[in-house]
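Here's a quick look at aromatic contacts, covering rings that meet other rings and charges that sit over rings. Have a look at the model first.

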Amino acid sequence: MLVIFDWDGTLSDSTAKIVRCVQRAAAELQLPALADDTVKDIIGLSLSVALQRLYPLLSVADVECLSAAYSRHYLEDEHIPAFYDGALETLSQLKDAGFLLAVATGKSRKGLDRVLAQLNAAHWFVATRCADETASKPDPLMLNELLVECQRHHAQAVMIGDTEFDLAMAQTIAMPRIGVTYGAHSVERLERFAPVMCVSDLRDMVPWLIEMRG
């Protein structure tokens with residue numbers, strides 16, 4: 001069975017850094033300031049799609065400038081987001097039990113590879129897919145690509161994420177899905193996409209996954 005994780009807000013406690021860097025980039029370009037919750041709302045989308053949603057009147061060129069400013073601030077911010085409590089234990093339990101683990105993220109390939117190296121975490125995952133090499137969430141293309149790469153049917157996989165974008169793309173292809181309640185979107189928003197469960201700790205889903213696999 002294939003277990004696909006979102007990264008930011010699901011495995012990595014990076015929500016605050018993303019919000020902070022978007023706000024710094026916007027200030028640099030003298031754009032209107034946005035509240036934390038407004039920025040959190042777009043976490044999970046590809047960067048250009050997210051920034052266009054936050055500032056819908058910007059031209060394509062201006063979105064590119066804002067994207068570049070965000071990326072620079074993210075690199076300059078020395079904080080390296082850690083795994084959430086229980087995330088490493090969950091990955092270890094699942095891998096030891098024979099599950100295949102993958103990542104489907106709104107991060108860029110360069111950004112994901114950087115953080116995997118910083119956390120020495122690449123070895124956990126048999127496959128990863130990033131927003132700049134496929135369609136942005138909630139389009140399910142990245143999930144379909146992971147299924148092909150890992151030679152699994154959608155019923156032999158589960159998507160785990162903290163945003164409605166994660167659950168929506170899984171719902172579109174009838175893939176089972178689990179919401180986590182400590183990330184960017186509220187449990188009320190997650191429950192609209194019929195997850196099999198919502199958890200406040202990744203470890204809580206392990207018994208269900210083992211039972212589901214049979």
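Let's start with a charge over a ring: in this predicted model, Arg213 lies over the face of Phe99, 4.3 Å from the ring centre. Lys17 does the like with Tyr74, sitting over its face at 4.1 Å from the ring centre.

Now for rings meeting rings. The structure has 4 aromatic pairs, and two of them involve Trp7. A pair like this is described by how far apart the ring centres are and by the angle of the planes. Here are the two Trp7 pairs:

| Pair | Centre to centre | Angle between planes | Geometry |
|---|---|---|---|
| Trp7 and Phe83 | 5.6 Å | 65 degrees | edge-to-face |
| Trp7 and Phe125 | 6.3 Å | 75 degrees | edge-to-face |

Where do Trp7 and Phe83 sit in the chain? Trp7 is in the loop between strand E1 (2-5) and helix H1 (15-28), while Phe83 is in the loop between helix H4 (60-76) and helix H5 (87-96). That pair links distant parts of the chain, 76 residues apart.

Phe125 comes from the loop between helix H6 (109-118) and strand E3 (127-130), so its pair with Trp7 ties together parts that are 118 residues apart in sequence. Put together, the ring pairs link Trp7, Phe83 and Phe125 into a cluster.

Are these rings buried or exposed? Trp7 has 0% relative accessibility, so it counts as buried. Phe83 counts as buried because its relative accessibility is 14%, and Phe125, at 10%, counts as buried too. The cut-off behind those calls is under 20% relative accessible area.

Key: Residues numbered from 1 in each chain as written. Predicted model: local features only at pLDDT ≥ 70, side-chain atom pairs only at ≥ 80, totals over all residues. Heavy atoms only, no water. Phe/Tyr/Trp six-rings, centres within 6.5 Å; stacked < 30°, edge-to-face > 60°. Helix = DSSP H or I, 4+ residues; strand = E, 2+ residues; numbered from the N terminus. Buried < 20%, exposed > 50% of the residue type's maximum accessible area, 1.4 Å probe, protein only. Lys NZ or Arg CZ within 6 Å of the ring centre and 35° of its normal.
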